[in-house]
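Work through the exercises below with the sequence and the 3D view at hand. Try each task before reading its solution.

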Amino acid sequence: MPRATLDKDPRAVAAMFDAVARRYDVTNDVISLGQDRYWRRATLAAVGAQRGEQVLDLAAGTGTSSEPLADAGVRVVPCDLSFGMLEVGKRRRPDLGFVAGDATALPFADESFDAVTISFGLRNVVDTAGALAELLRVTRPGGRLVVCEFSRPTWAPFRTVYTEYLMRALPPVARAVSKEPDAYVYLAESIREWPDQQGLGQLIKAAGWGQVAFRNLSGGIVALHRGVRPS
């Protein structure tokens, strides 16, 4: 399997996720010790989408994050770079309108969505600033952004333990539950190199979003960043 590297070439990233698509959700549940379910619920609450609103779920993967929105009457559009992920999701939820798209060149018109969200995907985009600008472009004035992404644990002793887990324990765990453990080596590397909470907040502000704030989940292992497109 072609392994993505920290240069995050879109073709390599897509190929990597194509290869892990079939067992992606199960593997994530195992390596996060079930915390991914809590993170998804917190993200949905932060988006706060109402029935009838139009929401872009970017880096939606197999649509796990889109399903509860659709079930609540939200007009959600799951979008992902990986055709393999989209195929798995479409087989499970044929009613969802999955769209293939690159975060840096979204296939949507200006001001199309009431809210946009991306979970554990912004870290994999070749141009973070470009993706945040694209999300701003397709959001209506007053619309919301929610980014759920791995971040920096706030308690220093735990941060050391967590970093050791990422680089030493996560790959063996991934080998036990996945046929493509190299993808999870990349996962560990990309998390370690990702900006902390304040750093990502600054990138979001620089892209033009207003009212930027964040909330730590699981002691800062994950952070929810929010923003609003200025009217």
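**Exercise 1.** Does D36 count as buried or exposed, and at what relative accessibility?

Solution. The model is a predicted one. Begin by placing the residue: D36 is part of helix α3, which spans residues 35–47. Next, take the cut-off: a residue is buried when its relative accessible area is under 20%. The relative accessibility of D36 is 7%, so D36 counts as buried. Finally, look at its neighbours: leaving out residues up to four places away in sequence, D36 touches N28 and D29.

**Exercise 2.** Describe helix α1 by its buried residues and by the contact at its start.

Solution. Helix α1 covers residues 10–20. Its buried residues are A12, V13, A14, M16, F17 and V20. An α-helix has 3.6 residues a turn, so residues three or four places apart point the same way. Then turn to the start of α1: there a side-chain oxygen of D9 comes within 3.1 Å of the backbone nitrogen of R11.

**Exercise 3.** Decide how the protein compares in compactness with a globular protein of its length.

Solution. First list the elements: the protein has nine helices and seven strands. Its radius of gyration is 17 Å, close to the 17 Å given by the globule rule for 231 residues, so the protein is as compact as a globular protein of that length. Buried residues account for 52% of the 231 residues. Last, consider the contacts between residues at least 6 apart in sequence: 66% of them join residues at least 24 apart.

Key
Residues are numbered from 1 along each chain as its sequence is written. This is a predicted model: local features need pLDDT of at least 70, side-chain atom pairs count only at pLDDT 80 or more; totals for chains, interfaces and linings use all residues. Side-chain values use heavy atoms; hydrogens and water are left out. Helices (H or I, at least four residues) and strands (E, at least two) are DSSP runs, numbered from the N terminus. The radius of gyration is taken over C-alpha atoms; the globule rule is 2.2 Å times the number of residues to the power 0.38. Buried means under 20% relative accessible area, exposed over 50%, partly exposed in between (1.4 Å probe, protein chains only). Contact means heavy atoms within 4.5 Å. A polar contact is a pair of N or O atoms within 3.5 Å; within protein, one must be able to donate a hydrogen and the other to accept it, and residues adjacent in sequence count only if both atoms are side-chain atoms.
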